Amino acid sequence: ALAGVLAIMDRDTAWAPDGLTIPMTVLAFVMGSVNYGTMPFFTAIIASLVVFGVGQGLWWLQCRFELIVLPPADFLAFIIPAALLGVSFSLVIFYITTASLILILRKFPYFAPIFSHQQAVDEAAIDLGFGDKPAVTFLAVAFPILFGIIFVSSVFSY
């Protein structure tokens, strides 16, 4: 549900607040540790906060050196699927599907309004220094794909 809220917020405003990305990151790491036994519960919480901090640190470095590449919420949207799905075929499918859809949306921008409120995306792209290059809100693309993969893998795992 939290991923859905973040996807809708990103679609409509091209922004995802830290007040929602922090709990989403913690929940993803905890759920991943419970599902795959990759790490103890408290280690998962600490790891999620470290990953969140790394995202903020990378954002600070990007701003400091004027190399705007990836906002913190988008960085987390790259990491959260790995925490939830583990290193698996599902994770590979997620990244391939997400990358393909983003390339399609950038190549054929008339499909972009399905995933992005274009005025908000254009304003965010200018604020971030991307200029007038075609842009798409990443969370609004990635989280529905992630939900679909989790749904399909849970249906076919039984």
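I started at A14, which lies in the loop between helix 1 and helix 2. Helices here are DSSP runs of H or I with at least four residues, numbered from the N terminus. This is a predicted model, where local features need pLDDT of at least 70, side-chain atom pairs count only at pLDDT 80 or more, and totals for chains, interfaces and linings use all residues. Residues are numbered from 1 along each chain as its sequence is written, and side-chain values use heavy atoms, with hydrogens and water left out.

**Odd backbone spots**

I looked up phi for A14 and got a positive value of about 60°, although A14 is not a glycine. A14 is partly exposed, at 21% relative accessible area. For that I use buried for under 20%, exposed for over 50% and partly exposed in between, with a 1.4 Å probe and protein chains only.

E66 also caught my eye: its phi is positive, about 55°, and E66 is not a glycine. I found E66 in the loop between helix 3 and helix 4. E66 is exposed, with a relative accessible area of 71%.

**Two threonines**

T43 sits in helix 3, residues 41-64. Its relative accessibility is 40%, so I log T43 as partly exposed. I also checked T43 against F29, 14 residues away along the chain, and their C-alpha atoms are 9.2 Å apart.

T98 belongs to helix 5. T98 is buried, with just 3% relative accessible area. Which residues does T98 contact, leaving aside neighbours within four places in sequence? I get F138, V141, A142 and I145, taking contact as heavy atoms within 4.5 Å.

**Helix 5**

With T98 done, I went through the rest of its helix. Helix 5 has 19 residues and spans 27 Å from first C-alpha to last, close to the 27 Å expected at 1.5 Å a residue; the expected span is 1.5 Å times one less than the number of residues. Its buried residues are L91, F94, T98, I102 and L105. Looking down the axis, I see these buried residues fall within an arc of 70°, so they line one face of helix 5. The arc is taken over directions from the helix axis to the C-beta atoms. The textbook reason fits in my margin: an α-helix has 3.6 residues a turn, so residues three or four places apart point the same way.

The buried residues of helix 5 pack against helix 4 and helix 7. On the face turned away from the buried side I noted the exposed residues F89, L103 and K107.

**Pockets**

My pocket is an open set of points on a 1 Å grid over the protein atoms alone, with protein on both sides within 12 Å along at least five of seven lines, and a 1.4 Å probe; lining residues have an atom within 4 Å of a point. Volume is the space filled by probe spheres set on the points, joined across faces, edges and corners.

The largest pocket holds about 750 Å³. I count 30 lining residues, with P71, D74, L128, F130 and V136 nearest its centre. Helix 6 gives the most to this lining, 7 residues. By class the lining has 21 nonpolar, 2 polar and 7 charged residues. Nonpolar covers Ala, Val, Leu, Ile, Met, Phe, Trp, Tyr, Cys and Pro; charged covers Asp, Glu, Lys and Arg; the others, Gly among them, are polar.

The second largest pocket has about 520 Å³ of space. Of its 22 lining residues, M31, L84, L146, F147 and I150 are closest to the centre. Helix 7 gives the most to the lining of the second largest pocket, with 7 residues. I find 15 nonpolar, 7 polar and no charged residues in that lining.

Methods: Helices (H or I, at least four residues) and strands (E, at least two) are DSSP runs, numbered from the N terminus.
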